[in-house]
Amino acid sequence: MISFTLNGQPVSVDAPPSERLSEVLRERIGARGTKVGCDAGDCGACTVLVDGRSVCACLYPAARAEGARIETVEAGEDTLDRLRAAFLRHGAAQCGICTPGMLMAATELLTANPQPDPEQAKQALGGVLCRCTGYAAIIAAVCDAWRPAEAPGLPGAVGEPIARLDGAAKVAGDSFGADHVPPGALTVVALRSPHPLAAFAFGDLAAFAARPGVAAIFTAADIPGRNAFSVIPAFADQPAIAASPARFRGECVALVAFEPGVPPDLSGFPVEWSPLPALMTPAEAEVPGAPLIHGNRAENRLIEGRVIRADAASALAASAHVVEGALATTYVEHAYIEPEAGAAWMEGDTLCIRACTQAPYMDRDDTAAILGLPVERVRILPSAVGGGFGSKLDVSLQPLIGLVALKTGRPARMVYSRSESMASTTKRHPAEISGRIGCDAQGRITGLEVAGRFNTGAYSSWGPTVANRVPVHITGPYLTPAVSARARAVHTHGPVSGAFRGFGVPQAALWQETLYDRLAEKAGLDRLEFRILNALRDGDASATGQVMQATGIHPCLTALRPHWTRALAEARPDGHWRRGVGVASCWYGCGNTALPNPSTIRIGLTHRGELVLHQGATDIGQGANTVIPQIAAQALGLPLAVFRFVGTDTALTPDAGKTSASRQTFVSGRAAQAAGQALRAAILRLVNAGDGAELSLNGHFVTVSEGGARHRIDLSALPTDALGYAISAEETYDPPTRPLDENGQGSPYAVYGYGAQMVELAVDARLGTVKLLKITAAHDVGRAINPQLARGQIEGGIAQGIGMALMEDYIPGRTENLHDYLIPTTGDVPPIESLLIEVPDPEGPYGAKGLGEHVLIPTAPAILNAIRHATGAEVTRLPALPHRILAAMKGDRS
Amino acid sequence: MSAYARPTRLDDALALLAGGGWRVLAGGTDVYPGQPAALAGDVLDVTALPEMRGIGTGDGLRIGACTTWSEIAEAALPPALHGLQQAARQVGGRQIQNAGTIGGNLCNASPAADGVPALLTLDAVVELASARGTRRLPLANFLTGPRQTARAADEVLLALHLPASALTGRSAFLKLGARAHLVISIAMVAVRCVAIGGIVTEMAASVGACGPVATRLPRVEAALTGAPVAGLAGRIRPEDVAAHLSPIDDVRASAAYRAEAATELLCRAVTEVAR
């Protein structure tokens, strides 16, 4: 028995003495506010205080807690409470998975130093990783926590920077995929391939299944439905559990369900591996005669997307200036701090799955197909999601725990380890892009010719989307009369490449924006002015021939002008430091590419006067749980405070689509606006009031005031409508698009968002290290529904762009952890000045455009451009690690 | 059921170790990664042994092996140990510094162990204890290779001894990585310099993460000893540095870069201390 004080209360617990304290707190005591992100001391999510000192609970033996005073995020302590309030005020919690660790690390700091400065805060929080916020809001909150909390804020109209509505749970230690454990749940563990390509055979499974504590074993043979899924059904090729051969390292080949409380031990599992020669690069996979990874895909090519407009070759031949270049990127890992986790159980004959996800309806459909169930028999209840960034669009453990629950009739639970999460889930596509861009003597872009090859890994996932999005976007937001752009996705035995914030567009932007710098120089133009000159304007045609509207790139670029002038003047060498300034733009179409992409939102008033918003747009930290209600409330004309929120849950919320492609604020926002307006219209119709009337809700009465007239509607007296409400509205919005023809001509998106970022940095000319000094980010959001959340997106996207540019390199089997795979820490993100530009889009709700992915796109190319400006180094392979920068500097000199 | 012992008397700990089969656990920060929820096998937790805690003075300085990085960083120590304190503040994040110990860092014997370069410049001697008795050996002899030490299975690393002769002068530690915090070094250097009347009378320099173990740089030290502090870094010859290193190419950097960076870091550290 180990006894200690937990948050002021004495506790005694029976645990193995060497058990991790995190395990004791979470699994034995049930205090799951403390999160586990890596079990290796690399992420700090599990930070707790032991006798006032912060430690990683995952590295702390239970026995050492004996007699100690342990404090966790569940504590009701004054410093912690002030920190919580400050985190909410500043928007410092996005997904919330790192928040408990951040709060505890900050508590240690504030106890010693109640009013730290930002540098002290960064130092103190350097041991906790956050993948969402870019840290700025967290540091600001910690430095501001000493202030008395301000009075309650704004009502929440569109445009008001209210604190996120789901924030209180996040600063208390929210309930993520690993945090709900149905009583009696089996512990499910996957056996995964240690090889990129290997045949395998099982031995005596029955003997292993008979081991004490083993409840059941499942293999591909046990899948009752179609053992193939993909986010795009036409490409379904990925098994939930692979039959031999396994096609990538980390692929699941068997499941073992252990009885509750039994340490899951796969040692001695009867499997024999026969490694086979693997194709690890697209170059190898495209060699004529190379074995086909999927028999129906010649040359191992999944797909090629293209956009052809006018005659690019002729345009380039006639150009005054032409630049040519190639660029290569690597696998990039999403590195959300929450590894995949969830639980499944049966309710009657319905399979319920509660797990982290970005796409509950897709999970439902895929899981049902794999398990051979009608979709009505699968219910997806998303947990709080500890970061997604695209990877949690694809199913991961949903069909696995679903299979176990379905087959055993018992609840089942699965929590991926960090290395399992990294090895088995999708990555950003490694890209090899090369081509030419030309301009005329005045610097106007004349033509662009490019080919991109994307390593899509073993299965399709979002490869088709990347192949289609890249040619559409590869001009950047610049008028380009002649375009020949091709992008192909090639299978290898590498990790499955999928969606990662930008679907290939960040890789494309790296190529085009670094070339534009060189082209501007050839044309004798300032690099920013070159971009302003070429920026798309309303009425211009894009590369796909779409006539643009609400085109915000010009105002974004011009907003940078004063900053650019200042920064160039300040960019003088200082000792061995070489200062540089870089700029890059982005544009990004919101929603699916020329495919249906509807969202449905429901709002109802009950007979008792409850106003209920069925909000099915999954919030993975970006803020849909706040933005969608703000829009709905504005459209309806009732205050946010009277709403009750339902969702996300496939049994309770209509389908608001997936949280991807920067679509929720735009598409689900439009549906919410429509639903709010429809409910408002229905109410007004009841009393024949005009649209200018004001609504209020008092008990079961809705009061409609118009001029001097007041009408009272007694909700309790109304008949029940088809949706079970006294009065309700359900509206669907599907963005109007026009399909792309064989040359990629069409109108693939209804709304585009725009942005431009400027990076100021210094390069250590002798070590090749980069010190980021400031990033100024101008983003056209159409209308900032919630400026605080919009800034949070910008800061977080920039942090991921910094990582992609300077440090992130996923190598299967080598960087499957968060100490070899580096993501930015508190000390790696410079001050960020966000300039919110609002060019309203007629299609967007209140003019709003998407933002989530845009914000990452310009950062890495702007960094490379600034490095080149500082040193002359042209880095053409990412990440720009110090040794690569130094080598590029020498190459430039020689 | 595996055993877990956390003795408070050194004799008890040594008696257990003499019986064999124990895994020694100090801060735990290098032991737990990659392990299941609880450690397998018998664990001897040495953090409750008073002999292994804290920093004491006498003939030189004695640092108990279970002294944490935070305790080292926060201690009032002479300038000769400022390099070690700089290293202490760069071992992982604050959480790791609060738990991780200097002795554990040495016994883990990573080529990139943050504590080693500074300790080498302090002529550190390790004290190993077993039921057979105690022995001391220079740190450089204790570290025999990557993840390899001269510690016998029945021994515990009790303390580090820094001779009084090495507690003089100024010191510095520089660590180079691809991000600000929580970083495994690409290269790191430590220097300690004693200067009298503008002339270097003693120079200790070492490099880590550029070979199987961190190493002192005798050629560099010889070249700088007796030289004026003014322009001292200019006397560091890259070939003298390279002679002691055997860096590798890995995900963090190329071998050639490591050697070049080590020289540059050394110049900067020397410039920092030589005045």
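Biologist: In which sense do β24(A) and strand β25 (residues 701-706) of chain A pair, and over how many bridges?

Modeller: First, a word on the source: this is a predicted model, in which local features need pLDDT of at least 70, side-chain atom pairs count only at pLDDT 80 or more, and totals for chains, interfaces and linings use all residues. Residues are numbered from 1 along each chain as its sequence is written, while chains are lettered from A and ligands numbered from 1 in the order in which they are written. Strands (E, at least two residues) and helices (H or I, at least four) are DSSP runs numbered from the N terminus, and two strands pair if DSSP finds at least two bridges between them. For β24(A) and β25(A), the sense is antiparallel and the count is five bridges.

Biologist: Which residue stands opposite A:N698?

Modeller: Look across to the partner strand, β25(A). The residue facing A:N698 there is A:F701.

Biologist: Which strands stand at the edges of that sheet?

Modeller: The open sheet has three strands of chain A in the order β24-β25-β26, with antiparallel pairing. An edge strand has a single partner, so one side of it is left without a neighbour in the sheet. That describes β24 (694-698) and β26 (709-714) of chain A.

Biologist: At about what angle does helix α19 (residues 664-686) of chain A run to β25(A)?

Modeller: The axes are lines fitted to C-alpha atoms, for helices over the stretch in contact, and angles run from 0 to 180 degrees between N-to-C directions. Helix α19 lies across β24, β25 and β26 of chain A. To β25(A), the helix runs at about 80°.

Biologist: Which element gives the most to the side of chain A that touches chain B?

Modeller: Residues are in contact if their C-beta atoms, placed from the backbone, lie within 7 Å, and here 48 residues come from chain A and 35 residues from chain B. In chain A, β4 (53-56) and α22 (882-893) each supply at least two residues of that side. The top contributor, with four residues, is β4(A).

Biologist: Which element brings the largest share of the side of domain 1 of chain B that touches domain 2 of chain B?

Modeller: The domain bounds come from an automatic or database domain assignment, which gives domain 1 (49-165) and domain 2 (168-273) in chain B. Their contact takes 24 residues from domain 1 of chain B and 27 residues from domain 2 of chain B. On the domain 1 side, α3 (82-88), α6 (116-121) and β8 (143-145) of chain B give two or more residues. The largest share, five residues, comes from α6(B).

Definitions and conventions
Contact = placed C-beta atoms within 7 Å.
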